[in-house]
Amino acid sequence: MWIKSGLLPLLLTYIIALVLTVTPIPAMFEPWRPDWVSLVLIYWLIAIPHRVGFGTVLVIGLLTDILMGTTFGIYATALVLVAYPALRHFQRIRNYSLTQQLVIVGVLILIKRVLVYELEHVLNDAAFNWPYFYPVLSSAVIWPWVFLIMRKYRRRYLIR
């Protein structure tokens with residue numbers, strides 16, 4: 001039942017994104033780590049908005065908060081605020097070329113990173129540093145491959 005409805009493959013992508021978020025990588029590449037959770041959520045929000053909505057984004061955001069050890073609700077809030085334009089304009093985004101989508105995804109992830117930084121700054125007095133925004137660029141650059149891999153995965157496992 002879970003596989004036939006596509007729920008298990010869908011949950012698997014969230015788990016993979018969360019694992020990739022905390023998987024150790026060499027220190028020189030750490031600032032460039034793509035924002036995997038945001039990439040996966042944005043893909044599902046524009047691909048199947050009738051199945052993935054604010055509730056899913058909120059739960060994944062809270063799991064990210066727990067995983068990253070941040071103040072509870074920071075990632076959840078930022079992801080929900082970024083999910084709104086993706087859900088509101090999913091039909092437009094879906095029809096854009098991959099290059100145009102790359103720009104939109106980059107802007108959405110930039111907004112998310114700014115929101116997370118501002119919340120961390122207000123709540124925990126976080127200091128600003130430019131490498132914090134490097135994942136915006138790496139996530140935007142990797143978006144076409146994420147999109148194509150996820151689309152193939154969605155079609156393979158009939159996630160509708």
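**Two pockets and a glutamate**

So, the lining of the second largest pocket breaks down into 10 nonpolar residues, one polar and no charged. I should say right away that this is a predicted model.

Who are those residues? From the N-terminal side we have Thr13, Ile16, Ala17, Leu20, Trp36 and Val40, and then Trp145, Val146, Ile149, Met150 and Tyr153. Helices α2 (7–22), α3 and α8 (134–156) each give two or more residues to that lining. The top contributor is α8, with five. As for volume, the second largest pocket comes in at about 210 Å³.

Okay, on to the largest pocket. Its space is about 280 Å³. There are 16 lining residues here, and Glu30, Arg33, Met68, Arg113 and Pro135 sit closest to the centre. The lining of this one splits into nine nonpolar, two polar and five charged residues. Helices α3 (36–47), α4 (54–68) and α7 (98–124) supply at least two lining residues each.

Last stop: glutamate 120, which you'll find in helix α7. Is glutamate 120 buried or exposed? Buried, because its relative accessibility is 15%, and the cut-off for buried is under 20%. And what does glutamate 120 touch, once we skip neighbours within four places in sequence? Its contacts are Thr70, Thr71, Ile74, Asp125 and Ala126. Take threonine 71: along the chain, 49 residues separate that one from glutamate 120, yet their C-alpha atoms are 7.9 Å apart.

How values were computed
Residues numbered from 1 in each chain as written. Predicted model: local features only at pLDDT ≥ 70, side-chain atom pairs only at ≥ 80, totals over all residues. Heavy atoms only, no water. 1 Å grid on protein atoms, 1.4 Å probe; cavity = no way out; pocket = protein on both sides within 12 Å on 5 of 7 lines; lining within 4 Å. Points joined across faces, edges and corners; volume = space filled by probe spheres on them. Helix = DSSP H or I, 4+ residues; strand = E, 2+ residues; numbered from the N terminus. Nonpolar A, V, L, I, M, F, W, Y, C, P; charged D, E, K, R; others polar. Buried < 20%, exposed > 50% of the residue type's maximum accessible area, 1.4 Å probe, protein only. Contact = heavy atoms within 4.5 Å.
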